[in-house]
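Reader: Please give me a close look at one part of this model. Keep it brisk, and then set that part beside some packing elsewhere in the chain.

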Amino acid sequence: MLAARRINPLFRNIEKTVKNYDRHVSTGSSLLSMDVANEPDVPKMVTDIPGPKSKQLIKELAQIQNVGAVHFFCDYDNSHGNYLADVDGNVMLDLYTQISSLPLGYNHPAIINAVSKPENLSTFVNRPALGVYPPADWVSRLQNALLSVCPPGMTKVQTMACGACSVEHGLKAIFIKYMNDQRSGEAPSMEEMDSCRVNKAPGSPPLTILSFDNGFHGRTMGALACTHSKWLHKLDLPQPDWPVVRFPDLKYPLECNTAENKAEESKVLEEVEDKIEEYNKKGLPVAGIIIEPVQCEGGDNFASKEFFQGLRDITNKRKIGFLVDEVQTGCGVTGKFWAHEHFNLTDTPDVVTFSKKMLTGGFYQKESFIPKEGYRIFNTWVGDPGKIALLEEVVKVIKEENLLDNVKVTGNYLLSNLEQMQTKYPGILSKARGLGTLCAVDFPDAATRDKVIGYLRAKGVHTGACGEATLRFRPTLLFQNKHVDLFMERFDDVLSQVKK
Ligand code: PSZ
């Protein structure tokens, strides 16, 4: 850290940044009217993107890796709050935030502070195999970082590495619970223990998980079997025969299509029941259902709380698992800490997965879904205490600064502005929708959407796409109305250009 202080301009600024931040926190000022540390007032664009330095680095990286997905190289030292700097000196308002994974933006003083505290040094230096050799502060860190923001009614948490890894292990917890119920809690037979090692029944039972078309749950093999958004994720990879049901296709504006949307959701719930019956009958019993509270990668598709209540009721009635994947919707972006809190479910989900803004992967689970034996949900690291130390700070800031309120205020403002823009540009924008700052709007086609994203970036606003023709908003929890105004001004310009 000392060596870094000498050479890294970021570290030179730490003390100043942290001191200013401490002053801000101690005065208890509200972020709704507060500047984020070191954030610029406006974007600054000096080159095309990718600029010459980015292009050179992309060329060099191409000698080592496939660079087909690299947009540009970033200058993280000079990125602050909601603003991302690139290596060519461009500074953009970032509404995409590393694929929706920055709770407090870039170089937040509370996080820098956590990294620079001497008492945290060992946590960052020594990475333990947490499942077998946890450090003394592990319990209190779990309590501060993860249990203090448990979904209501849930009290157990398991850390993991990334989102897909969390989904994988969440699915395993569901299968293991299902088979434990089948055996009425008895120990497995010798035959089961022998046969599973070579992928044969009865130890490897032909169980399935029901998922939804256009859902995204990660790219590892089990998670991928539940992922149905783009062919690029799936092509050439063998997949198990697991049931897939379409996600409700709601008509907008919602308030003008209530009856139709209700009928659509009831129909999908019937299709879920039918599909479970079909798979049970053909000897591939459905052990659980996995779903995102809002289908994010698949196009920001929303369904009503009644739909989710219906699913929870089906899974409870049939005694199968219900996994709610909050990797992208969790950590406050919808205005509640967990998106499924909006649904008033009759019972908590059985498993809730998280990652992205939570900085660590993992999942909450009902106690009955924790396997009896150790080493069943396990790997070398089972997460990373360094990330939990950072999450502790993030959770503290979210609470101290009432960031969920900030998200509600900014989210409402963003959505009402999108609705106004949709009225102004009816041929270009449709289906403005959102919960908190997790907002989206549709374009007539991907080409128009991508053109708008390009033009916006040239004007210093970095946004992201999802689904076929959707623009999505994934800002930090520090995103404020003034940022919305700045975006809308540029959005209006770009749309009037596209309209011509
Ligand atoms: O292209 C990709 O691999 C992307 S782009 C966005 C994601 C992945 N999102 C990750 C994600 C998610 O949105 C949901 C709802 N569930 C699971 C995942 C997987 O998380 P990671 O990427 O950490 O494995």
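Author: Two strands pair if DSSP finds at least two bridges between them. Keep that in mind for the sheet below. The model is predicted.

Start with the strand order. The sheet is open and has 4 strands, ordered 12-13-16-15. Its pairing is antiparallel. Strand 12 (430–435) and strand 15 (464–466) form the edges, and each pairs on one side only. From one strand to the next, the twist averages 25°.

Now the pairing of strand 13 with strand 16. Strand 13 covers residues 438–442, and strand 16 covers residues 470–473. The two run antiparallel, joined by 4 bridges. One pair of residues gives a reference point: Ala-440 stands opposite Arg-472 of strand 16.

Helices come next. Helix 16 (residues 403–424) lies across strand 12, strand 13 and strand 16. Its direction is at about 175° to strand 12. Helix 17 (residues 446–458) also packs on the sheet, where it touches strand 15 and strand 16. Helix 17 makes an angle of about 165° with the direction of strand 15.

Where does this fit in the chain? The domain assignment gives domain 1 as 1–30, domain 2 as 31–114 + 403–499, and domain 3 as 121–399. Taken over C-alpha atoms, the centres of domain 1 and domain 3 are 38 Å apart.

Compare the helix pairs. Helix 13 (residues 258–281) and helix 14 (residues 305–317) have axes that come within 10 Å and cross at roughly 20°. Angles under 35 degrees count as roughly parallel, so helix 13 is roughly parallel to helix 14. This crossing of helix 13 and helix 14 is right-handed. Helix 13 contributes Glu-265, Val-268, Leu-269, Val-272, Glu-273 and Ile-276 to the contact. Helix 14 brings Phe-307, Gly-310, Leu-311, Ile-314 and Lys-317. By class, that contact has 7 nonpolar, 1 polar and 3 charged residues.

The other pair is helix 8 (residues 138–145) with helix 15 (residues 385–400). Their axes come within 8 Å and cross at roughly 40°. That angle makes helix 8 oblique to helix 15. The crossing of helix 8 and helix 15 is left-handed. On helix 8, the contact residues include Trp-138, Arg-141 and Leu-142. On helix 15, they include Ile-388, Leu-391, Glu-392 and Val-395. The class count for helix 8 with helix 15 is 8 nonpolar, 1 polar and 2 charged residues.

Key. Residues numbered from 1 in each chain as written. Predicted model: local features only at pLDDT ≥ 70, side-chain atom pairs only at ≥ 80, totals over all residues. Heavy atoms only, no water. Axes fitted to C-alpha atoms, helices over the stretch in contact; angles between N-to-C directions. Parallel < 35°, antiparallel > 145°, perpendicular 65-115°, else oblique. Left-handed = near helix turned anticlockwise from the far one by under 90°. Contact = heavy atoms within 4.5 Å. Nonpolar A, V, L, I, M, F, W, Y, C, P; charged D, E, K, R; others polar. Domains from an automatic or database assignment.
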